[in-house]
Amino acid sequence: MEIQWPLILFTFFNCLAGGIFLMQGILTLSGKGKAMQLASCISAIVALAIGGLSVFFHLQHPLRMLNGFGHITSGITIELIFVIVFAIAVVLYFLMMRRSEEGVAPKWCAVLAIVVSLALPFATGDSYLMSAIPVWDTMLLPLYYVVATVMLGGLAAMIIAGVTKADDAVKLSATVAFIGAVVCAIVSIIYAAAISGMGSHYTEMQYYFDPTLPDVAMRQSEQITGAILAGEHAVAFWLGNVAIGCAVPAVLAALVMTGKIPAEKALAVAVVALVCAVIGTIVWRVLLYEVAVNALIQFQWAL
């Protein structure tokens, strides 16, 4: 198995789409963000479409698509179901917004937006839980996707609010982004620590020889699972994911949240924060693949 960039992009854009629509639902419930409703709906659908396109680059062949979606209980089919439900919810929100005399979607639409926006990343992460890959086979994976969705949604909403001049939505969006970034850092550190303790979940093969590397000894399973916190991937994790991906967005969001950066000047700050968050979430996804790949090459899951 190698790093599957189409799947990394699929999960990322699912989280981004869910985050944008989630934040719009929160704003609608709070009586804010009227001016950015249309932009939020369009942005969510565009992100969802890009994520869906990424899946087709992964499947590549029409027969693989038919086989993948041919089983109702398969992970990819469940993802498809939640993607369709999410898209329907966005369209429904838009229609109810246009129908409303006040130009604002009703509260029940906002609640629906929040529910489907949290369900989408959770279902996406849940579909990757498999005993064959221990580092993925934990509820920390869908939990991470959910908290990353909150962070990305808050930051994206700050940008949309800045573009549409919805100044009333900036502070609340920054607050949600700050909370999401802090929790995302905590969850990713806990997840990395959990992975470090998964060495016992692998069993070493009694006999092993790699003809391409005859003079290189096998690594212990703990060297692979512990590589994120304090091994070869530590710099990428602590700098790329925690510092750049979570700490920087949290600090920038806090400055807007506390009013030290006024709402009308928050657009540039939000762009920088979102770029950093994107870097962090991509780095973490790559690390999950790196550990999974290295472990599968040299070890077998201890059933």
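Q: Why is V85 called partly exposed in this predicted model?
A: V85 has a relative accessibility of 40%. Buried means under 20% and exposed means over 50%, with partly exposed in between. The value for V85 falls in that middle range, and V85 therefore counts as partly exposed.

Q: Where does V85 lie, and how far is V85 from V116 in space?
A: V85 lies in helix 4, which spans residues 75-99. The C-alpha atoms of V85 and V116 are 7.5 Å apart, while 31 residues separate the two in sequence.

Q: How is the protein chain built up, in what order do the elements run, and what share of the residues is buried?
A: The protein chain holds eleven helices and two strands. From the N terminus on, the order is α-α-α-α-α-α-α-β-α-α-α-α-β. Of the 303 residues, 50% are buried.

Q: Why is G18 called buried?
A: The relative accessibility of G18 is 0%. The cut-off for buried is under 20%, so G18 counts as buried. G18 is found in helix 1. The C-alpha atoms of G18 and L152 are 8.9 Å apart, although their positions lie 134 residues apart in sequence.

Q: What makes helix 1 oblique to helix 6?
A: Helix 1 and helix 6 pack at an angle of about 60°, and their axes are 7 Å apart. An angle under 35 degrees would count as roughly parallel, and one from 65 to 115 as roughly perpendicular. The angle of about 60° belongs to neither range, and helix 1 is therefore oblique to helix 6. The crossing of helix 1 past helix 6 is right-handed.

Q: What makes helix 1 oblique to helix 7?
A: The axes of helix 1 (residues 5-29) and helix 7 (residues 170-196) come within 11 Å and cross at roughly 130°. Roughly perpendicular ends at 115 degrees, and roughly antiparallel needs over 145. An angle of roughly 130° lies between these limits, so helix 1 is oblique to helix 7. This crossing of helix 1 and helix 7 is right-handed.

Q: Why are both an angle and a distance given for such pairs?
A: Two packed helices are described by the angle between their axes and by the distance between those axes.

Q: How do you know whether I160 is buried or exposed?
A: I160 has a relative accessible area of 9%. This value is under 20%, and I160 is therefore buried. I160 is placed in helix 6. V170 is ten residues away from I160 in sequence, and their C-alpha atoms are 9.1 Å apart.

Q: Why is V163 called exposed?
A: V163 has a relative accessible area of 57%. Exposed means over 50%, so V163 meets the definition. V163 is found in helix 6, which covers residues 140-164.

Q: Which residues make the nonpolar surface patch, and what makes V163 eligible for a place there?
A: The patch of about 380 Å² is made by V163, L267, V271, V275 and I279. Patch residues need over 30% relative accessible area, and V163 passes that cut-off because its value is 57%. Helix 11 (residues 266-298) gives the largest share of the nonpolar patch, with four residues.

Q: How do you know whether C276 is buried or exposed?
A: The relative accessible area of C276 is 12%. Because this is under 20%, C276 is buried. C276 is found in helix 11. Its C-alpha atom is separated by 5.5 Å from that of I244, and the two residues are 32 apart along the chain.

Q: Why is K165 called exposed, and what is its phi value?
A: K165 has 65% relative accessibility, which is over 50%, so K165 counts as exposed. The phi of K165 is near 65°, a positive value in a residue other than glycine. K165 is found in the loop between helix 6 and helix 7.

Conventions:
Residues numbered from 1 in each chain as written. Predicted model: local features only at pLDDT ≥ 70, side-chain atom pairs only at ≥ 80, totals over all residues. Heavy atoms only, no water. Patch = residues over 30% accessible without salt bridge, like charges linked within 9 Å, V, L, I, M, F, W, Y side chains within 5 Å. Areas by Shrake-Rupley, 256 points an atom, 1.4 Å probe, with all protein chains shown as cover. Salt bridge = Lys/Arg side-chain N within 4 Å of Asp/Glu carboxyl O. Buried < 20%, exposed > 50% of the residue type's maximum accessible area, 1.4 Å probe, protein only. Axes fitted to C-alpha atoms, helices over the stretch in contact; angles between N-to-C directions. Left-handed = near helix turned anticlockwise from the far one by under 90°.
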